[in-house]
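Here's a quick tour to read with the model open on your screen. Take it a topic at a time and click along as you go.

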Amino acid sequence: MKLRLSPLPSLLSIAIGSLGMPAVAFAAPTPVLVSAFQPTSAAGRTLATLLENYLAQEIALDATLKVVRIEDTRDFEDYSARVYIEGCPPSDIVGCTSIIAERGAAEFAVTGTVRTSVDGSEVELEILDMQDSRVVVSFKSAVASGEDKVFAQGVARVLTAAVRGEIGEEHDIRSDGQEAPARKLDNDAVARQIAQLSKDLGEVSIALTRPDKVIAKPVYTVDDVARQSQTDGVKPWEHLGMTPGAYLRYKNSGLSLMDWRARAVGRKGQLLITPLFGYANGAMAGSFYGAYATDDSTAVVESWSAQSQQTAGGAWINGVVSYGLLPELDVGVSVGLQTGQFTVDVDNYVVDQSVEPTEPEVFPASRVTVGARANLALLPTRSIRPRFGAGVDWMQGYGVGQFLQLPAWIAVFDAPSLIVGQVDVGGEARISKRVDFVLQVPVTLLLAGSNVSTAHTGTQSVVATTSPDRAGLVGVGVSAGLQVRLFGARADAHAADEIDAIDGD
């Protein structure tokens, strides 16, 4: 609802009490932040400063209200609240004001935008209800020269009405038969109140809306950075010891400067413990085929043995302990456990007789892996970050002697050593300050240990000299787990700059 009132003689006589509404007694004055007015051009800076000061003076005259100035609120870690508000992006003054109001424990706040042109000045003013995180009243006023103090007096009175709940009350519009009440803003009441605000508006024309909109947090853009780079004086990022790129990411993060700096340090100096559980497909199985032939005297005249590692799928448990060298990089060691199986097949031939095939035996198997890891997690200040890893594992393969004791005339082989390279692609999501959820897809490459071992004795050609398939070179899997962060480097004034090379300006 928007109502435009025609210009009348003077704003001095605005008095909410003339509406006939009872005053509300407050146990203690309501804290109200008088924030900065944001000029859209250099020509509006003087009027913006005057309005802020006049409004603070007028509100201070009301015993039911307690004025909170920007300087009364808690400073940020490395700069004042005033520096923060002066660096607020254009059109985001409401969001910036809400942040300052929270730091000053204000229940209401008032701010606005000043536009100045050759035709005069216009002020768009917002009243914020911090308890409900919403904009409760918006003014849009043309302010003639010399009427800035008069305008401030009228704003103070309407602000008082808003604090008392006399503007924009909600009422129950429940219909018969409905179980739950529906609520809406009483815009008709707002219209009646504003229509009665004054008989003396002077040279000030005023439009008032009751938007009841949720306060939006500031969004800072590259254009904002470029615009501020061209202004005179110390830039906001220079106050903080940041580059423009780091400042842009900080402004859009929604984080306090302290939290931003802590996150920007990333994993540097941290001890990271990461247990992972998943499924993998690779050189996780083995096979042995043996055969021997006897003559009529049961003497062994020929034997054949062949053993290889094979591709299979199974569970994969892996624990990584690493140390953060950079905000994005950690290196460490890994210990894992893989499940698999080993197949043994042995045939007995008799010279000049047909062979009776035997059923292979399958044994469950598991093995330990040890290796080294390096992980790169980009954008350390983000809650969700891309993650890349690389490493190499050593593991002992499977040998038939681990599962069966075979006759002496069948050659057996030791379990081979396998060297497996690994590349991970995935991400991590912040659960708390010290815990992240990790999800990644490992791709493995069998670097060594894929050869088939064989042995043949005898001069006859009775047995079948077949060999099992060898493992494929490439495997893939998926794993997930938690990453626990301990200790860590201390955030300093320039920690955010260290991420620029990877985040990109």
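How many cavities of 30 Å³ or more does the count come to? The answer is 2 cavities, and the largest of them has a volume of about 160 Å³. Keep in mind throughout that this is a predicted model.

**Cavity and pocket**

- The largest cavity has 22 lining residues, and Gly282, Ala283, Gln338, Val420 and Thr444 are the ones that lie nearest its centre.
- Strand 11 (270–294), strand 15, strand 16, strand 17 (435–448) and strand 19 each give two or more residues to the lining of that cavity.
- Strand 11 has the largest share of this lining, at 5 residues.
- Now for the open spaces: the second largest pocket holds about 480 Å³.
- That second largest pocket has a lining of 21 residues, with Arg261, Ala262, Arg263, Gln270 and Lys433 nearest its centre.
- Helix 9 (257–265) and strand 19 (474–487) each put at least two residues into the lining of the second largest pocket.
- Helix 9 is the top contributor to the second largest pocket, giving 6 residues.

**Nonpolar cores**

- As background, nonpolar side chains in soluble globular proteins tend to be buried together.
- Here, the largest nonpolar core has 28 residues, and the members that touch the most others are Phe37, Leu55, Ile59, Val123, Leu125 and Ile127.
- At least two residues of this core come from each of strand 2 (30–39), helix 1 (45–60), strand 4 (108–117), strand 5 (120–129), strand 6 (134–143) and helix 4 (148–164).
- Helix 4 supplies the largest share of the core, 8 residues.
- Another core of 20 residues lies apart from this one, and Leu33, Ile93, Ala109 and Val135 are among its members.
- What does Phe37 contact once you leave aside its neighbours within four places in sequence? The list is Ala48, Leu51, Glu52, Leu55, Thr111, Gly112, Thr113, Val114, Val123 and Leu125.

**A largely enclosed helix**

- Helix 8 (residues 244–253) has 7 of its 10 residues buried, so the rest of the structure largely encloses it.
- The buried residues of helix 8 are Gly245, Ala246, Tyr247, Leu248, Arg249, Tyr250 and Lys251.

**Strand pairing**

- Strand 13 (residues 329–350) runs antiparallel to strand 14 (residues 361–377), and the two pair over 16 bridges.
- If you want a spot to zoom in on, Thr339 has Ser366 of strand 14 as its bridge partner.
- Strand 14 also pairs with strand 15 (residues 384–396), again in the antiparallel sense, over 9 bridges.
- For this second pairing, look at Arg373, whose bridge partner in strand 15 is Gly391.
- The hairpin of strand 14 and strand 15 has 6 residues between the strands, and Leu379 takes a positive phi near 55° in this hairpin.

**Aromatic pairs**

- Searching the whole structure turns up 6 aromatic pairs.
- One of these is Phe342 with Phe403, a stacked pair at 4.9 Å centre to centre with 10° between the planes.
- The two rings bring distant parts of the chain together: Phe342 is in strand 13, while Phe403 is in the loop between strand 15 and strand 16 (417–430), 61 residues apart.
- Is Phe342 buried or exposed? Phe342 counts as buried because its relative accessibility is 0%, and the cut-off for buried is under 20%.
- Phe342 and Phe403 also belong to one aromatic cluster together with Phe363 and Tyr398.

**Backbone oddities**

- Ala105 has a positive phi, near 55°, and is a residue other than glycine.
- You'll find Ala105 in the loop between helix 3 (93–103) and strand 4.
- Ala105 counts as exposed because its relative accessibility is 59%, and exposed means over 50%.
- Phe487 isn't a glycine either, yet its phi is positive at about 60°.
- Phe487 sits in strand 19.
- With a relative accessible area of 62%, Phe487 is exposed.

Methods:
Residues numbered from 1 in each chain as written. Predicted model: local features only at pLDDT ≥ 70, side-chain atom pairs only at ≥ 80, totals over all residues. Heavy atoms only, no water. Buried < 20%, exposed > 50% of the residue type's maximum accessible area, 1.4 Å probe, protein only. Helix = DSSP H or I, 4+ residues; strand = E, 2+ residues; numbered from the N terminus. Core = buried A, V, L, I, M, F, W, Y, C linked by side-chain atoms within 4.5 Å. Contact = heavy atoms within 4.5 Å. Pairing = 2+ DSSP bridges. Phe/Tyr/Trp six-rings, centres within 6.5 Å; stacked < 30°, edge-to-face > 60°. 1 Å grid on protein atoms, 1.4 Å probe; cavity = no way out; pocket = protein on both sides within 12 Å on 5 of 7 lines; lining within 4 Å. Points joined across faces, edges and corners; volume = space filled by probe spheres on them.
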